Amino acid sequence: MANALVNVPPRARRGEIIEIKTLISHPMETGYRRSQLGATIPRDIIRLFVCTYNGTEVFRAELHPAIAANPFIVFSTVATESGTLAFQWTGDNGFSATESAAITVD
Amino acid sequence: MTEQAPATATPAAMDEAVRKVVGASKVSKGRVTLELPPLSENGNTVPLTVSVESPMTQAEHVRAIHIFTELNPQPDVVSFRLGPRAGRARVSTRIRLANTQTVTAIGELSDGSFWSTSAAVVVTLAACLEDA
Amino acid sequence: MSARTARLLTTPALLLLATTAPAGEIPTAERRSGYELMGRETRAMQDDDTANPGMLGALEGEAAWARKTGAAGRACADCHGDARASMKGVAARYPAFDAALKRPVDLEQRINVCRTDRQQAPALAYESRELLALTAFVARQSRGVPIDIAVDARTQPFLDAGRATFYRRQGQLNLACNQCHDENWGKRLAGNPIPQAHPTGYPVYRLEWQSLGSLQRRLRGCLTGIRAEPYEYGAPELVDLELFLMWRARGMSIESPAVRP
């Protein structure tokens with residue numbers, strides 16, 4: 001599975017807006033590059049990133065080849081309750097990666 | 001998907017991509033802020049932050065933010081889907097820019113309205129190209 | 001004026017250019033990492049471990065460190081324990097003299113010596129994902145440590161060879177490293193600022209490469225840029241030049257894995 005780095009504050013106050021940073025290893029091959037022999041290198045990108053909070057989707061990103069290699073996405077969500085933030089990346093050639101982080105909300 | 005886009009898209013292609021998202025609705029200028037470096041150090045990785053003024057309540061929030069470019073091989077860059085649980089309509093990422101061009105962000109609000117802003121970025125090629 | 005006289009008048013000027021001694025090295029107090037020439041956003045990318053794409057490689061390296069491999073079925077951790085302790089300062093003193101090979105080796109070569117001799121595993125290819133990951137992980141443990149290259153009777157000849165390469169004109173453009181990196185640092189080459197070329201952050205996540213890469217890759221890139229035949233990966237000329245560049249950066253802190261345009 002590809003490497004991912006997620007940064008979620010381990011604790012937050014109820015109602016606080018928290019910032020989440022995510023970084024995943026992926027070349028995001030655009031499909032526009034050519035090899036040394038002139039053949040087009042096929043597209044191979046992450047197409048979808050979804051974040052769920054205790055099972056409910058709170059953020060989604062639909063990616064195209066113009067997203068830089070090793071996609072970095074920073075977004076926010078309201079700390080509503082303690083639990084798990086789950087992240088999923090899916091893309092071309094059956095690519096799938098998941099990561100999760102626990103959060104305590106007081 | 002196998003359709004071959006031209007090496008550079010056209011403003012018409014970008015208009016078409018925007019229309020797919022916006023439909024027949026009017027797009028007003030304002031409420032959206034795009035933060036991009038005016039001179040990028042490398043077109044492969046250009047940091048971008050986009051934000052939309054909104055209370056982000058159930059009644060009034062940002063549903064989505066869409067980013068487009070004028071001169072990349074294809075105009076769509078990314079679409080972020082938000083909602084009241086976001087707390088704040090502010091997202092950061094890193095994009096690719098094939099050459100000096102204008103980047104456009106469109107915010108889609110819960111009342112069905114669309115707002116946009118644009119920013120220009122100068123992109124230079126690396127001084128020495130290597131065989132890698 | 002005869003042709004001979006004309007030639008005599010112009011030749012001294014040419015001789016002056018050809019025999020001008022290499023400009024002095026950058027004074028120690030004026031040395032600057034390439035980090036300082038970067039824009040705010042790129043520096044922010046390096047500063048935050050959760051935003052630095054080079055750290056993805058270091059994470060992979062951390063996993064590789066713990067993985068048993070080779071006919072000996074040994075992990076790096078089996079001999080070296082916790083890298084945070086055992087590898088601290090290591091990257092700051094490489095390239096270092098290898099007694100068996102009787103010459104300095106760089107960090108990548110040292111990792112491969114361990115792989116072949118201790119783990120009985122095949123050497124990792126230069127610029128392979130796994131070698132870059134391990135090097136990034138090891139180098140990361142030296143972040144903040146000042147570069148300290150041992151100069152003694154054994155390393156001196158190699159240091160001198162590296163220095164000679166740095167000052168030698170090469171390639172179709174007939175340029176020596178010092179002409180850009182000692183004499184014109186800070187000025188722009190086709191819109192990009194020229195750094196002083198201190199290898200404080202290798203392996204580096206270079207935006208141009210969209211991946212981690214080694215100092216040897218960067219040197220080969222520069223050689224191609226001046227239209228010179230790049231030395232092969234692992235060539236003594238490259239390692240000697242690495243040794244000289246690290247010595248030239250002595251006292252500066254390791255930043256690995258750095259981000260650079």
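Two strands are taken to pair if DSSP finds at least two bridges between them, and the strands themselves (E, at least two residues), like helices (H or I, at least four residues), are DSSP runs numbered from the N terminus. This is a predicted model, in which local features need pLDDT of at least 70 and side-chain atom pairs count only at pLDDT 80 or more, while totals for chains, interfaces and linings use all residues. Residues are numbered from 1 along each chain as its sequence is written, and chains are lettered from A and ligands numbered from 1 in the order in which they are written.

An open sheet of six strands, with antiparallel pairing, runs in the order E1(A)-E3(A)-E6(A)-E7(B)-E4(B)-E2(B). Strand E1 (4-7) of chain A and strand E2 (32-35) of chain B stand at the edges with a single partner strand each, so one side of each is left without a neighbour in the sheet. From one strand to the next the twist averages 15 degrees, where axes are lines fitted to C-alpha atoms (for helices over the stretch in contact) and angles run from 0 to 180 degrees between N-to-C directions.

The table lists antiparallel pairs.

| Strand pair | Bridges | Opposed residues |
|---|---|---|
| E1(A) and E3(A) (residues 17-24) | four bridges | A:Ala4 and A:Ile24 |
| E3(A) and E6(A) (residues 72-78) | seven bridges | A:Glu19 and A:Ser76 |
| E2(B) and E4(B) (residues 46-52) | four bridges | B:Thr33 and B:Ser51 |

In chain C, an open sheet of three strands has the order E6-E5-E7 with mixed pairing. Strand E6 (211-213) and strand E7 (259-260) of chain C are at the edges, each with a single partner strand, so one side of each lacks a neighbour in the sheet. Strand E5 (residues 204-206) of chain C pairs with E6(C) in the antiparallel sense over three bridges, and C:Tyr205 stands opposite C:Leu212 in E6(C).
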